[in-house]
Amino acid sequence: MSRGPGSKRIVRKRSQEIEPPYRDPVFMESLPARPVRILTEYIDPLERFRREKVGDTIVMFGSARILSREKALARLRKLQKRGKGRGTPEIRKAIREAKALLEMSRYYEEARELARRITTWAMSLGDNPRRFVICSGGGPGIMEAANLGAAEAGGKSIGLSIQLPHVTAAERLHKPRIELYVPLFFHAQAVVRSACQSADHFSRRFRHDG
């Protein structure tokens with residue numbers, strides 16, 4: 001059909017494809033979508049467990065401030081060397097604290113050795129599924145000792161990293177082979193309980209400022 005000189009051509013535009021809301025980064029970072037984020041932060045570690053064939057775990061936890069014997073001894077010797085001939089109250093206090101850290105370092109070494117022995121035994125049970133995998137935090141102290149002991153046995157360990165102001169990635173001596181980011185503490189507790197067969201708590205150094 002011919003068009004008259006004043007007629008207009010109708011151009012049909014293809015309607016823009018509508019993306020589902022879970023692909024919208026603005027929505028997913030919004031407050032209304034927080035329940036969805038919480039759910040994914042719980043499901044993701046469980047899916048990682050499945051992919052890594054983790055059957056069950058041994059949870060090890062304790063203070064993040066406990067040092068290895070090597071580090072604690074080096075700190076004490078450094079302070080004693082600095083304090084020779086200068087018996088100021090500050091130096092004496094620092095030396096007392098360093099001696100306490102050295103005494104507490106036995107828990108680091110015990111956690112490291114226990115993780116090594118458990119992992120050595122668990123690896124003899126096969127890897128489908130992996131039995132009694134060491135699970136701890138991803139930070140320093142007892143968490144570091146547990147991950148290090150498992151690595152020394154040649155096995156994998158699970159490290160749950162949560163948002164804490166005083167723990168940074170730079171403080172880690174050894175990173176776990178299976179590292180999971182669990183931003184909220186109650187998520188970490190839920191994930192830990194999901195496959196836990198035993199929980200080992202190493203002594204904690206309590207400090208009260210004020």
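Here is a walk through the structure above, from its overall layout to its strands, helices, cores and loops.

The model is a predicted one. Six helices and five strands make up the protein's regular elements, and reading from the N terminus they come in the order α-α-β-α-α-β-α-β-β-α-β. Of the 210 residues in the protein, 35% are buried. If you like to think in contact maps, take the contacts with a separation of 6 or more: 68% of them link residues 24 or more positions apart. As for the surface, the protein exposes about 14,500 Å², and carbon and sulfur atoms supply 53% of that area.

Let us begin with the strands, and with S1 in particular. Strand S1 covers residues 57–61, and because four of its five residues are buried, S1 is largely enclosed by the rest of the structure. Which strands does S1 pair with? One partner is S2 (residues 133–137), which runs parallel to S1 and is joined to it by three bridges. Another is S5 (residues 196–201), again in the parallel sense, this time over five bridges. Ile58 is a handy residue to click on here: its bridge partner in S2 is Ile134, while in S5 its bridge partner is Ser198.

From S2 you can step on to S3, since four bridges join these two strands, which run parallel. Ser136 has Gly159 as its bridge partner in S3. How much of S3 (residues 157–161) is buried? Five of its five residues are, so to speak, under cover. Ser157, Gly159 and Ser161 point one way from the strand, and Ile158 and Leu160 point the other way. Ser161 has a relative accessible area of 10%, and it counts as buried because that value is under 20%. Ser161 also sits 9.0 Å from Ser136, C-alpha to C-alpha, with their positions 25 residues apart in sequence.

Now for the helices. H4 (residues 89–123) has 35 residues and reaches 51 Å from its first C-alpha to its last, close to the 51 Å expected at 1.5 Å a residue. There is nonetheless a kink of about 30 degrees in H4, centred on Met104. Helix H2 (residues 34–51) gives a similar check on length: its 18 residues should span 26 Å at 1.5 Å a residue, and the end C-alpha atoms are 26 Å apart, which agrees.

Next comes the packing of the interior. In soluble globular proteins, nonpolar side chains tend to be buried together. The largest nonpolar core in this model has 18 residues, and those touching the most other members are Met60, Ile66, Tyr107, Ala111, Ile134, Ile142 and Phe202. Two or more residues of this core come from each of S1, H4 and helix H5 (142–152). H4 gives the most, with seven residues. Ile142 offers a good view of the surroundings: beyond its neighbours within four places in sequence, its contacts are Phe61, Gly62, Ser63, Ile66, Tyr107, Tyr108, Ala111, Ser136 and Phe202. Apart from this core lies another, of 14 residues, among them Val59, Ile158, Leu160 and Val192.

The loops deserve a visit too. Ser68 lies in the loop between S1 and helix H3 (69–82). Is Ser68 buried or exposed? With a relative accessible area of 10%, Ser68 is buried. Leaving aside its neighbours within four places in sequence, Ser68 is in contact with Ser105, Tyr108 and Glu109.

Some backbone details may catch your eye if you check torsions. Just after H2, Lys53 takes a positive phi of about 60 degrees, although it is not a glycine. This residue is in the loop between H2 and S1, and it is partly exposed, with a relative accessible area of 42%. In the loop between H4 and S2 you will find Phe132, whose phi is also positive, near 50 degrees, in a residue other than glycine. Phe132 is buried, with a relative accessible area of 16%. The loop between H4 and S2 is also where Pro129 is found. A cis peptide bond joins Asn128 and Pro129, with omega about 5 degrees.

Key:
Residues numbered from 1 in each chain as written. Predicted model: local features only at pLDDT ≥ 70, side-chain atom pairs only at ≥ 80, totals over all residues. Heavy atoms only, no water. Expected span 1.5 Å × (residues − 1). Bend = angle between axes of the 7 residues up to and from the residue. Buried < 20%, exposed > 50% of the residue type's maximum accessible area, 1.4 Å probe, protein only. Pairing = 2+ DSSP bridges. Contact = heavy atoms within 4.5 Å. Areas by Shrake-Rupley, 256 points an atom, 1.4 Å probe, with all protein chains shown as cover. Core = buried A, V, L, I, M, F, W, Y, C linked by side-chain atoms within 4.5 Å.
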